[in-house]
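Colleague: I'd like a close look at one part of this model, and I'm happy with a long answer. Could you start with the fold as a whole and then work inwards?

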Amino acid sequence: MCLAGPHLTFAQLGQSLDGFIATRTGDSDFVTGEEDRLHLHRLRALADAVVVGAGTAVADDPRLTVRACPGDNPVRVVLDPKGRVPLGRQVFTDGSAPTLWVVGAGGERGKAVPDGVDVLVLPDGDDFAPGRLVQALARRGLGRVLIEGGGVTVSRFLQEGALHRLYVTVAPVLLGDGIPGLRFPGQPVMRDALRPPVRRAALGEDTLFELELRTP
């Protein structure tokens, strides 16, 4: 990844053996183990920006900073077309790293944005398409982008071919039901399914799958 150049879009998900990133109540603390969390922080340290959707920002209140390894904090990007993420969330208030709040037309209207938070208004809903979002971030000098969550946001980037690399860590735990990880329209026959080159690594009890989707 260090040699991949200044423009790279990669994503990460940690999930159960049966494909869920959280329980039915939204609890995800923690699906995968400590080694995977260290790996995630290393990914953040290699990114210019780390992106989450509004659902993840609301449900998990993540900090999105680099704490478990050496490295600089990336710019925290919150995709929030309807402006529904409360401005009391840590990414807006803790001052640990710059935050870019990406909203649709009128999403920020009448709200007092905390210091250190920049607002990017995308009046056209099509501007939230993954390819256009990556271009908008690149124009701000944010070329190496980590899509961290949640499952809906990562799935959108995967479905639209906007990812160079995808990391999926699978924990040996069965949830039965819950919030799914990757979901996108599949192929009708198995031979047409997506089968990218893959590397595997053990992270404690978990297994990391590194999928090479396209060349940077």
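Modeller: Take the contacts in the chain between residues with a separation of 6 or more: 68% of them link residues 24 or more positions apart. Keep in mind that this is a predicted model. It has 5 helices and 11 strands, and buried residues make up 44% of the 216 in the chain. The radius of gyration is 17 Å, which agrees with the value near 17 Å that a compact globule of 216 residues would have.

For the close look, let's go to Q12, which sits in strand β1, residues 8-16. Is Q12 buried or exposed? Its relative accessibility is 5%, and since buried means under 20%, Q12 counts as buried. Which residues does Q12 touch, leaving aside its neighbours within four places in sequence? They are D36, L40, L43, L146, I147, E148, V154 and Y167.

Those partners lead us to several elements. Helix α1 covers 34-45, and D36, L40 and L43 are among the contacts of Q12. Strand β7 runs over 144-149, and L146, I147 and E148 are also in contact with Q12. Then there is V154, another contact of Q12, which is one of the buried residues of helix α5, residues 151-159. The others buried in α5 are G151, T153, S155, F157 and L158. As a general point, an α-helix has 3.6 residues a turn, so residues three or four places apart point the same way.

The backbone around these elements has some details to look at on screen. In the loop between β7 and α5 you'll find G150, and the peptide bond from G149 to G150 is cis, with omega near -5 degrees. Just after α5, G161 has a positive phi of about 70 degrees. Over by α1, F30 lies in the loop between β2 (20-22) and that helix; a cis peptide bond joins D29 and F30, with omega about -5 degrees.

Away from Q12's list, the loop between α2 (54-60) and β4 (75-80) holds D61, and L64 lies in that loop too. Neither is a glycine, yet D61 has a positive phi of about 45 degrees and L64 has one near 65 degrees. As for cover, D61 counts as partly exposed at 25% relative accessibility, whereas L64 counts as buried at 1%.

Definitions and conventions: Residues are numbered from 1 along each chain as its sequence is written. This is a predicted model: local features need pLDDT of at least 70, side-chain atom pairs count only at pLDDT 80 or more; totals for chains, interfaces and linings use all residues. Side-chain values use heavy atoms; hydrogens and water are left out. Helices (H or I, at least four residues) and strands (E, at least two) are DSSP runs, numbered from the N terminus. The radius of gyration is taken over C-alpha atoms; the globule rule is 2.2 Å times the number of residues to the power 0.38. Buried means under 20% relative accessible area, exposed over 50%, partly exposed in between (1.4 Å probe, protein chains only). Contact means heavy atoms within 4.5 Å.
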